Every structure is written in structure tokens, then in C-alpha cells.
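I opened the notebook with two things to look up. The overall build came up along the way, and one helix got a closer look.

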Amino acid sequence: MPKKIIRLTVRDVRFPTSLEQHGSDAMHTDPDYSVAYVVIETDQGMQGYGLTFTVGRGTEIVVCAVEALSALVVGKSLEEIVSDFRGFYRLLTSDGQMRWIGPEKGVIQLATAAVLNAVWDLWARSEGKPLWKLLVDMDPSKLISCIDFRYITDALTEQEALDILVKAQTGKQQRVDQMLKEGYPAYTTSCAWLGYSDQLLKQLCTDALNDGWTKFKVKVGADLEDDIRRCSFIRQMIGPHNTLMIDANQRWDVGEAITWVTRLAEYKPLWIEEPTSPDDILGHATISKALAPLGIGVATGEQCHNRVMFKQFLQASALQFVQIDSCRLGSVNENLAVLLMAHKFKVPVCPHAGGVGLCELVQHLILFDYISVSASLDNRMCEFVDHLHQHFKSPVVIQNAHYMPPKDPGYSCEMLESSVQTHQYPQGQVWKKLQ
């Protein structure tokens, strides 16, 4: 029988991470990691869970947007949605009135991601599979039917996308077995938030090295001399052969980015992440060209609005590492489009993660990318941040600095109800104590 969606609820859930400077960077100095948390319920008692990530104030606006979209979801059956998932994606993103506050960008797209993440979770649960396995097992033609190719066919046609998926069928089971045994390589950002003291930074780096981490990302961009000192310190800590990345979180103008990163080049960063405005595609291209002789790539994507912007970044050779985000783009549907475009343009995907639930979600996407799209681990890794996983029913599992494939059915974003209630804003106990 069809599983009809009878209810959609959304809650504002926030964690006071700013108290200890977790997540602090050059532009977001006091983030309170938060989610708009969505639960959809069916008439058969099944539930799907989804979320989108924010950093505190403004989460209530995303909640309002989710509530506005809910009328397009409630009353539909899961079978009806997935039989024409492309059509359902367009229904949410192209509503004749609500698209005016997008289209496909900003708050309304964050809300769309939360809703669609819950739908994908429900679909995977109904099939009894973790989401990555649902995707890996899906017929390539069915996968293609979930993607909206509007506006990107000049870069990737449906036939080209299908050919990529069909070609990757060869050796797929061996890659599944490899991932189940070894996991997907990760890097850590937990050691070097901008607000951390040197003492804490040293302790966290030491612990990470002892735990087998070999790839480290450092936040930069607030003060050049301090960045030089901190990058020198971390490079000495991790040694010459481990990998270092730096992240400015959109702090600089284009010329300033080139000058600043050139000063940090001696510490051999693999990439500079978000060197300037996330909307400045040509600016990123200029930076990429200037830094190429130094062997430093440009990485961006966590605040890239949609597949169209990623298309242009790729066409302009403006990035050397694609950083998809499970909640910034329009859920799995739009991320599939970006994974396939990145493969065509031969640019490795290294997802953004961290926050609340981003690690839990994006691990599914990068596993699918390796198994069913790229078939490569060259210059590829997925971000890991060791915060707030204890609030999830199926938290990520890291072994030897690798993401181990989730085994529980769904998209891994169901939160513990006790955590949701105590952190719901503003009425949860945690927030009442801080008032």
C-alpha cells in the first residue's frame, strides 16, 4: 500500500557551541551550531528525518520556510514522489510564488534541503537500506530520473551522466567491499578553530596524530602574522609529510587572497578554502591561476547555492577541489548533479562536513561518489569534525581516520528525541539556563 505523508513537523534546535569557540573562523566568530529539524510521518507509522544546518540566529527563518513548503509535501505518497522525483524536486524549487525568494538559493533552498533530506531518509528506510546503499543499488536510469538537469545541459547532458554511471558499474562490488573493509579517507578540522588557544591546539593536534590522523585543516584569515605563526606551529607539529589545508571562510578580496596565501605557501598547504566571496566565480578563477605555480589549489562549495554555480565554477576552472554540502544544495537530488559534473570535469570531490549532522549525511554521498561515479580516491577525502555526534541515533563511525559505511537504514540524520527537546530554541532546558 502507498505510504501517504500525513504530517510534517519542524523544530529549531540549537547547541551553544560559541561558549567554547567550537566552529569559530575568520567570518563566523561565535557560531551556535543549529539545525532546522524535520520529521515527516506516514499513515503507516513510518517516519523520515531530515535537517539543514545553520549557525544560530536565523534558524527560525529557515523553520518558517520549511513550514511554507510543507503544504507541497503533506498528502503525497512516497511512491508518488519517487516515481517522479525530478518532478517533485521542481515542485518544491519552482513554486510559482515561493521561487521569487530564491530561486534555488538562500533560505528557501536550505528549507528545501531539509524537506528532501527527510524524504530520502524515508525512502531508504522503506527499502531497509542505508542511503548510500540505496543509491549504489539503484538502476542508473532511475538515478538519472531523480536529477533536475535544467540549466546544466550545456555542461552535462542526461546521456553523458547515464554513460558515467553505466561505466562505473564495472568493479562496483569490489569498491563496495573495499569501503566496508577500509572506509573512506577523512581529514580533521577539529584541531585548529580560530578561537582555540595554542595550548588547546597543541593538545588536539597531538591527540589526533596519536589517533592516526594525517590530514589537517587550519582556519586562517583574521590576522596574517598570527596565521604565519599558527601555520608554522601546526606544520611543525604534523611534520613535513602529512597534509595541511587552510580555510579563510570568505574573508578576503581577490588580490588580498593571493598576497596572503603566497605568504603562507612555505607551509605547503594543499588548498586554500573559500578565499573570497562564495559567489565570485571569476575571482576564484583568478586566485586559482595565480596560486597554481605555488602548487596550491582552491577549494570551495559549502556556500555554493546550487548546481548552476557549480557548473560555472567548473567551466571557469575556478576550483581544484569541489566541496559539496548535504544541506546547502537541494538535498541528494542536486548533489548527484554536482558529483556527475565534477567527474566529467575531472575535479575531485572533497565534501564539506561538521556542524550538526553534516558528517552523518555527507558520508553517504561521498561513498556513492567513489563506488558509483569516480572510482577514484586520488586527492579525495571527506571532512570530519568531532562535535555533537552523540546527539544522533546513528552517529558516524571513524576508524583509522576513515569513515566506515553506515549500516542502519536511512540517511543517518535521526536525532535523539531527548537531545532535540533539551536543545530546542528557546524553550529547551539548555537555553533556559543560559537566559
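Charges went in first. I located 41 positive and 51 negative charges in the protein chain, and their mean positions lie 3 Å apart. I note that this is a predicted model.

Next, the overall build. I counted 17 helices and 12 strands in the protein chain. I checked the radius of gyration: the chain has 21 Å, and this agrees with the value near 22 Å for a compact globule of 435 residues. Along the principal axes, I read a C-alpha span of about 60 × 55 × 45 Å.

Then burial and surface. I found that 61% of the 435 residues count as buried. The chain exposes about 16,700 Å², with 51% of that supplied by carbon and sulfur atoms. I also looked at contacts between residues at least 6 apart in sequence: 75% of them join residues at least 24 apart.

Last, helix α8, residues 172-182. Which of its residues are buried? I listed Lys172, Arg175, Val176 and Met179. Seen down the axis of α8, the buried residues fall within an arc of 105°, so they line one face of the helix. The general rule is worth jotting down: an α-helix has 3.6 residues a turn, so residues three or four places apart point the same way.

I turned to the face of α8 away from the buried side and found the exposed residues Gln174 and Lys181 there. What covers the buried residues? I noted that the cover includes α5 (131-137), β4 (184-188) and α15 (358-374). Just after α8, I saw that Gly183 takes a positive phi of about 85°.

Conventions:
Residues are numbered from 1 along each chain as its sequence is written. This is a predicted model: local features need pLDDT of at least 70, side-chain atom pairs count only at pLDDT 80 or more; totals for chains, interfaces and linings use all residues. Side-chain values use heavy atoms; hydrogens and water are left out. Helices (H or I, at least four residues) and strands (E, at least two) are DSSP runs, numbered from the N terminus. The radius of gyration is taken over C-alpha atoms; the globule rule is 2.2 Å times the number of residues to the power 0.38. Buried means under 20% relative accessible area, exposed over 50%, partly exposed in between (1.4 Å probe, protein chains only). Contact means heavy atoms within 4.5 Å. Accessible areas come from the Shrake-Rupley method with a 1.4 Å probe; for residues, only the protein chains shown count as cover. Lys and Arg count as positive and Asp and Glu as negative; His and the chain ends are not counted. The place of a charge is taken as NZ of Lys, CZ of Arg, CG of Asp or CD of Glu. The arc is that of the directions from the helix axis to the C-beta atoms.
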